[in-house]
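Q: I would like to learn how to read a protein structure step by step. Could you walk me through this one?

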Amino acid sequence: MTGFYNPGSRALQDRFDSRRLADRLEERKVSDRIDDDDRAFIESMDMLFIATADEQGRPDCSYKGGNPGFVRVLDEHTIAFPGYDGNGMFRSFGNVLVNAEVGLLFISFERGRRLRLNGTASVDPDDELVREWPGAQLVVRVRAREVFPNCPRYIHRYELVERSRYVPVGDAEPPVPDWKTRSWARDVLPSP
């Protein structure tokens, strides 16, 4: 692989004498493929964090959640997940339309594991998979460029208390979030 580290990364690696370690990690742990272990981990997750940037490089980070398995591994290079109804700002997915480079972070707080997947994304409301996720407005596909684990030692341990009741399931209509009933929002909500 080339270009995994930028000049800033290299300067800090040299300052803290970690260039050899960084090179070894890149050599041994970074791949452009999603292996069977990564697949099992990704498909067991109920959330991810997505980092995007707009056309001027200004960053944005967002949480995306669903039921376990809402992210699917389509092949050894590609994942897909739904875009559900949100606040209508479309910051992350709008960014993908003008700058397709994304970084995804999957964290299991219960198991103390995290995985990073960087790649090129697409957003499509007409994707053939949109029917596979009840309530999905669009599908995000990401072609992996770099897949690698992160050191788990600073992951705080949490346990799941309950899953969100707003995640669409089957034909059932999820409840309306409280903020959509407030006076500042009611008159500007999208038409059903």
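Q: In which strand is Ile 79 found?

A: Before we start, keep in mind that this is a predicted model. Ile 79 belongs to strand 4, which covers residues 78-84.

Q: Is Ile 79 buried or exposed?

A: A residue counts as buried when its relative accessible area is under 20%. Ile 79 has a relative accessible area of 0%, so it is buried. Its strand shares that setting: seven of the seven residues of strand 4 are buried, so strand 4 is largely enclosed by the rest of the structure.

Q: Which residues does Ile 79 touch, leaving out those up to four places away in sequence?

A: Contact here means heavy atoms within 4.5 Å. The list includes Ile 34, Val 71, Leu 74, Leu 104, Phe 106, Leu 117 and Val 140. Take Leu 104 as an example: it lies 25 residues from Ile 79 along the chain, and the C-alpha atoms of the two are separated by 11 Å. Val 73 and Val 142 are also among the residues that Ile 79 touches, and we will meet both again in a moment.

Q: What stands opposite Ile 79 in the neighbouring strands?

A: Look to each partner strand in turn. Val 73 stands opposite Ile 79, and strand 3 pairs with strand 4 in the antiparallel sense over three bridges. These two strands form a hairpin, with two residues between them. In strand 7, the bridge partner of Ile 79 is Val 142. Strand 4 and strand 7 run antiparallel and are joined by seven bridges.

Q: How many strands make up the whole sheet, and in what order?

A: The sheet is open and has seven strands, in the order 2-1-5-6-7-4-3, with antiparallel pairing. At its edges are strand 2 (59-65) and strand 3 (72-75), each pairing on one side only. From one strand to the next, the twist averages 35 degrees. You can follow the order further along: strand 1 (residues 47-53) pairs with strand 5 (residues 101-108) in the antiparallel sense over three bridges. There, Ile 50 stands opposite Leu 104, the residue we met as a contact of Ile 79.

Q: How many aromatic pairs are there, and how do I read one?

A: The count comes to six aromatic pairs. To read a pair, check the distance between ring centres and the angle between planes; an angle over 60 degrees counts as edge-to-face. For Phe 4 and Tyr 5, the centres are 4.8 Å apart and the planes stand at 70 degrees, so this pair is edge-to-face. Phe 4 has a relative accessible area of 18%, so it is buried. Ring pairs also link Phe 4, Tyr 5 and Phe 148 into a cluster.

Q: Which parts of the chain does the pair of Phe 109 and Tyr 158 link?

A: First, the geometry: the ring centres of Phe 109 and Tyr 158 are 5.4 Å apart with planes at 80 degrees, so this pair is edge-to-face. The pair links distant parts of the chain, 49 residues apart: Phe 109 is in the loop between strand 5 and strand 6 (113-124), while Tyr 158 is in the loop between strand 7 (136-149) and helix 5 (183-186). Phe 109 is partly exposed at 21% relative accessible area, whereas Tyr 158 counts as exposed at 53%.

Q: Where does the charged end of Lys 64 sit?

A: The charged end of Lys 64 sits over the ring of Phe 93, 4.5 Å from the ring centre. Likewise, the charged end of Arg 113 sits over the ring of Phe 41, 4.2 Å from its centre.

Terms used:
Residues numbered from 1 in each chain as written. Predicted model: local features only at pLDDT ≥ 70, side-chain atom pairs only at ≥ 80, totals over all residues. Heavy atoms only, no water. Helix = DSSP H or I, 4+ residues; strand = E, 2+ residues; numbered from the N terminus. Buried < 20%, exposed > 50% of the residue type's maximum accessible area, 1.4 Å probe, protein only. Pairing = 2+ DSSP bridges. Axes fitted to C-alpha atoms, helices over the stretch in contact; angles between N-to-C directions. Phe/Tyr/Trp six-rings, centres within 6.5 Å; stacked < 30°, edge-to-face > 60°. Lys NZ or Arg CZ within 6 Å of the ring centre and 35° of its normal.
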